[in-house]
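User: Please take a close look at one loop in this model and the strand that comes after it. I work at the bench, so walk me through the surroundings in plain terms and explain the vocabulary as you go.

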Amino acid sequence: MMKLCMLGLAMAFATQATFAATAAPPLQDKQAFIEHLINQMSVDEKIGQLRLISIGPEMPREKIREEIAAGRIGGTFNSITRDENRPMQDAAMRSRLKIPMFFAYDVIHGHRTTFPISLGLAATWDMQAIAKVGRTSAAEAAADSIDMTFAPMVDIARDPRWGRTSEGFGEDTYLTSRIGQVMVESLQGSSPANPDSIMAIVKHFALYGAVEGGRDYNTVDMSLPKMYNDYLPPYRAGLDAGAGGVMVALNSINGVPATSNTWLMNDLLRKDWGFKGVTISDHGAIQELIRHGVAQDGREAAKLAIKAGIDMSMNDSLYAEELPGLVRSGEVTQAELDQAVREVLGAKYEMGLFKDPYLRIGQAKDDPKDVYADQRLHRDAARDVARRSLVLLENRQQTLPLRKAGTIAVVGPLADAPIDMMGSWAAAGRPNRSVTVREGLRRAVGDQARLIYAKGANVSGDKAMVDYLNFLNFDAPEIVDDLRPAAVLIDEAVKAAQQADVVVAVVGESRGMSHESSSRTTLEIPAVQRDLIKALKATGKPLVLVLMNGRPLSIGWEREQADAVLETWFSGTEGGNAIADVLFGDYNPSGKLAITFPRSVGQIPMYYNHLRIGRPYTPGKPGNYTSQYFEEPNGPLYPFGYGLSYTSFELSGLSLNSKTLKRGDTLQAKVTVKNTGKRDGETVVQLYLQDVSASMSRPVKELKNFHKLLLKAGESRTVSFNISEDDLKFYNSQLQRVAEPGQFNVQVGLDSEAVQQQSFELL
Ligand code: NOJ
């Protein structure tokens, strides 16, 4: 009923909006409908559509509604309830042309329900689980009147100093592309016009993850082959999956800011890739062109941005201030302005808003009484995905799983930290809804075991750092220090450990340490927490480290102290329950790292699929003029694709069905995987390829496929992979995508290092 009314309203709108002699074309004809609308619009109304504003304290609500009614705002972000957004849509319906608003939000890893951070989602290597995250997030966000999300973020991150490493899917092009595709498909469903779908905006176009030194907002300088082979494919995969838009990155690329980069947005995105959706600047990015040193004033910045292809300006007043004059003087043509407007209106059309501006807002009588209500959460989904994201890094003498018996000491600054459970960009998630590790363990053991808790240490002993991190949260400080001296906190934890049979220490980073604008110079756990670990180790009790962090940490020393190490990222609303499931063996861990863990910050960049070199490191031969650092062992602490299980798996008998591959044909690689342990468990069989000799140096190996599968204790299964010419292609130095004839190595493993190998020749 509601839908029919709205359709009627939209049709009425389409007719009312007709000021020209011609009749409004039917809504079904997208192109004609939009062109007709553009013909009705004044220059000011067109410029209004390009304005995306943040709802915050800067502008009073009433003023915003006036602006909308005057046709001066196209969309907003950060207002996330139906009763907040309805009056704005009402204002749009009072505007002369009644062009609907859209409402956007950063729905990155959940909306009301917080799932693990993206780096944790990637560690599931489980596309069904990831699709569940996308679908659930979209449905929850749509139910809160959100039409669009600025996600997925598919920036490849190979420098873990970068705080936004937490927001992406790791270092690998193939894995990130697959996840980006699944995220877009699941957020948008069969159409972004569905009432329970939201439009996906792929970000940050492009190369944001490659900022120099891992320092946020820094420059990016990169060769074209590296760009095309490693960094661009995930954005392309998201767009090919149908993402409605692109958010343009804050960084410059080879000297030209992405926001004013004609090559990036016009030549590559529009012409080469044929992208037809909307482009949105990042927050304030047009203004920043002045500070980048490519525009001398706001007028030039606005002109550069629109000419380069930025349709919508996010929280940046320059389009509104400067475009009227620029269009009047002819410096920006009507055609350029119309093109930007066309894409914005096109996105609104695709989101179903012309058909029904209230599609996701609904009627007031149906608004949720309590938007925070627990019944609105999807706890089962959150727990299921969270436990799949956990990566078992160490497990000496089968310390894990723990028994639900005796006394367990739960210590550490992150053991009972509801805010940190959620990770950064936790959207509409609320800390008081998240289950901490302490709480998860308590629920798991019930009265079968005794739990003793002690904080043991603050996250950091550095007050300046804590003050910095507290900028994240306006409502309450992120980090509340225990003001007792560090030694007193440690003593308390040691006393707890002494009474216990086993110690679970939850340590790592507060969520703000892995966030936008949170780049680090070290990958170490802060010193006060290391002091705690040392004191716990000295008790001689079995020590389980539960890590929380949003980037790889260099934990070479910590892993020597611990009997078991479980990487849990920031695992979301149900994180504590999921961690308890794994610690007690109610779930057998199956996560695999989507990013390499270096031994030290000095090894960065360290990623598994680096190019081959003339003098590769040869172990066991010191001073042999091969590529290495001499102060510490070479190679990663934990390689890409690594993760243990409570059972063991064995790969054997890798075989190819042919020694040659003809173009257009398919080759099959087969391998047997056996669960050789006593528990059922899942593992990920990973396929890597290496081009042995090519017209340019190629990576030592590259992930090209994987299968995640569940094997019962003792069960064997044959896994097969098809390899085609397409898997062998790369961009050569002329940027042609080619597969060159010659030998290729096929490597299959349960991580990227311990692999079996066979070869074939591409004819
Ligand atoms: C800035 C961030 O870079 C971007 O990822 C985010 O979507 C916007 N702010 C909006 O919150």
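Analyst:
**A proline loop and its surroundings**

Pro 401 lies in the loop between strand S11 (391-395) and strand S12. Helices (H or I, at least four residues) and strands (E, at least two) are DSSP runs, numbered from the N terminus. Before going on, please note that this is a predicted model, in which local features need pLDDT of at least 70 and side-chain atom pairs count only at pLDDT 80 or more, while totals for chains, interfaces and linings use all residues. Residues are numbered from 1 along each chain as its sequence is written, and side-chain values use heavy atoms, with hydrogens and water left out.

What makes Pro 401 worth a pause is its peptide bond: Leu 400 and Pro 401 are joined in cis, with omega about -5 degrees. Most peptide bonds are trans, and most residues other than glycine have a negative phi. A cis bond also joins Ile 604 and Pro 605, where omega is about 0 degrees. Pro 605 sits in the loop between helix H23 (575-583) and strand S17 (649-656).

After the Pro 401 loop comes S12 (residues 407-411), a mostly covered strand with five of its five residues buried. Here buried means under 20% relative accessible area, exposed over 50%, and partly exposed in between (1.4 Å probe, protein chains only). Thr 407, Ala 409 and Val 411 point one way from S12, Ile 408 and Val 410 point the other way, and all are buried.

S12 has strand partners, and two strands pair if DSSP finds at least two bridges between them. With strand S13 (residues 450-454), S12 pairs in the parallel sense over five bridges, and Ala 409 stands opposite Ile 452 there. Strand S14 (residues 502-508) also runs parallel to S12, joined by four bridges; in that pair Val 410 faces Val 504.

Following the chain onward from S14, you meet Ser 517, in the loop between S14 and helix H21 (527-538). Ser 517 has a positive phi of about 65 degrees although it is not a glycine. Ser 517 is partly exposed, with a relative accessible area of 23%. Ala 427 is another non-glycine with a positive phi, about 50 degrees, and is found in the loop between helix H17 (418-422) and helix H18 (437-445).

Ala 427 also leads us to Tyr 105. Leaving aside neighbours within four places in sequence, Tyr 105 is in contact with Phe 77, Asn 78, Ile 80, His 111, Ile 146, Met 148, Thr 149, Phe 150, Ala 427 and Ala 428, where contact means heavy atoms within 4.5 Å. Tyr 105 and Ala 428 are 323 residues apart along the chain, yet their C-alpha atoms are separated by 9.4 Å. Tyr 105 counts as buried because its relative accessibility is 12%.

Tyr 105 belongs to strand S3 (residues 102-105). S3 pairs with strand S4 (residues 148-149) in the parallel sense over two bridges, and Tyr 105 stands opposite Thr 149 in S4. Both strands belong to an open sheet of eight strands with parallel pairing, in the order S9-S6-S5-S4-S3-S2-S1-S10. Strand S9 (278-280) and strand S10 (313-314) stand at the edges, each with a single partner strand, so one side of each is left without a neighbour in the sheet.

Finally, back to Pro 605 and the open space beside it. The second largest pocket holds about 1200 Å³ of space. Of its 40 lining residues, Pro 605, Met 606, Tyr 607, Tyr 608 and His 610 are the closest to its centre. A pocket, on a 1 Å grid over the protein atoms alone, is an open set of points with protein on both sides within 12 Å along at least five of seven lines, whereas a cavity is a set where a 1.4 Å probe fits but cannot get out; lining residues have an atom within 4 Å of a point. Grid points are joined across faces, edges and corners, and a volume is the space filled by probe spheres set on the points. The pocket lining divides into 20 nonpolar, eleven polar and nine charged residues. In this count Ala, Val, Leu, Ile, Met, Phe, Trp, Tyr, Cys and Pro are nonpolar, Asp, Glu, Lys and Arg are charged, and the others, Gly among them, are polar.
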